[in-house]
Amino acid sequence: MREGEIDLVVQKRELLMFVEVKTRSRDWERSAWAADWRGKNLRMRRAIRRFLLQHEDLEFSEYRVEIVFVTQGRVTARFEGE
């Protein structure tokens, strides 16, 4: 079973953020990625659990999962995962 990967892990004070970055040369349409994101989000959550087990020394009070869309080198949309 594929556990997934995490593109970015960022910590700012008490917030730990796990980010999936998607790049395209054209603008995004929400309907085009929504179905794929459900499965990717599940795999990312497995990877997050593995990451947290391997980094038990991290101190944080909240974590968030986001997907960031980049079009032609610019962030064009951001959505919080489920």
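So, aromatic pairs: this structure, which is a predicted model, holds two of them. In one, Phe18 and Phe51 meet edge-to-face, at 5.6 Å centre to centre and with 80° between the planes. That pair links distant parts of the chain, since Phe18 sits in strand 2 and Phe51 in helix 1, residues 30-54, with their positions 33 residues apart. Both of those phenylalanines are buried.

The other pair is Phe18 with Tyr63, again edge-to-face, 5.8 Å centre to centre and 85° between the planes. Here Phe18 is in strand 2 and Tyr63 in strand 3, so the pair ties together parts that are 45 residues apart in sequence.

Now, how buried or exposed are these two rings? Phe18 has a relative accessible area of 0%, so it counts as buried. Tyr63 comes out at 37%, so that one is partly exposed. Put the ring pairs together and you get a cluster of Phe18, Phe51 and Tyr63.

Okay, on to the sheet. We've got four strands in an open sheet, order 1-2-3-4, with mixed pairing. At the edges are strand 1, 8-12, and strand 4, 74-80, each pairing on one side only. On average, neighbouring strands are turned by 30° against each other, ignoring direction.

Strand 1 runs antiparallel to strand 2, residues 15-24, over five bridges; for example, Val10 has Met17 as its bridge partner in strand 2. Those two strands make a hairpin with two residues between them, and Arg13 in the turn has a positive phi of about 55°.

Over at the other edge, strand 3, residues 62-71, is joined to strand 4 by six bridges, also antiparallel. There, Val68 is partnered with Arg78 in strand 4.

Technical notes. Residues are numbered from 1 along each chain as its sequence is written. This is a predicted model: local features need pLDDT of at least 70, side-chain atom pairs count only at pLDDT 80 or more; totals for chains, interfaces and linings use all residues. Side-chain values use heavy atoms; hydrogens and water are left out. Two strands pair if DSSP finds at least two bridges between them. Axes are lines fitted to C-alpha atoms, for helices over the stretch in contact, and angles run from 0 to 180 degrees between N-to-C directions. Rings of Phe, Tyr and Trp (its six-membered ring) pair if their centres lie within 6.5 Å; planes under 30 degrees apart count as stacked, over 60 as edge-to-face and the rest as tilted. Buried means under 20% relative accessible area, exposed over 50%, partly exposed in between (1.4 Å probe, protein chains only).
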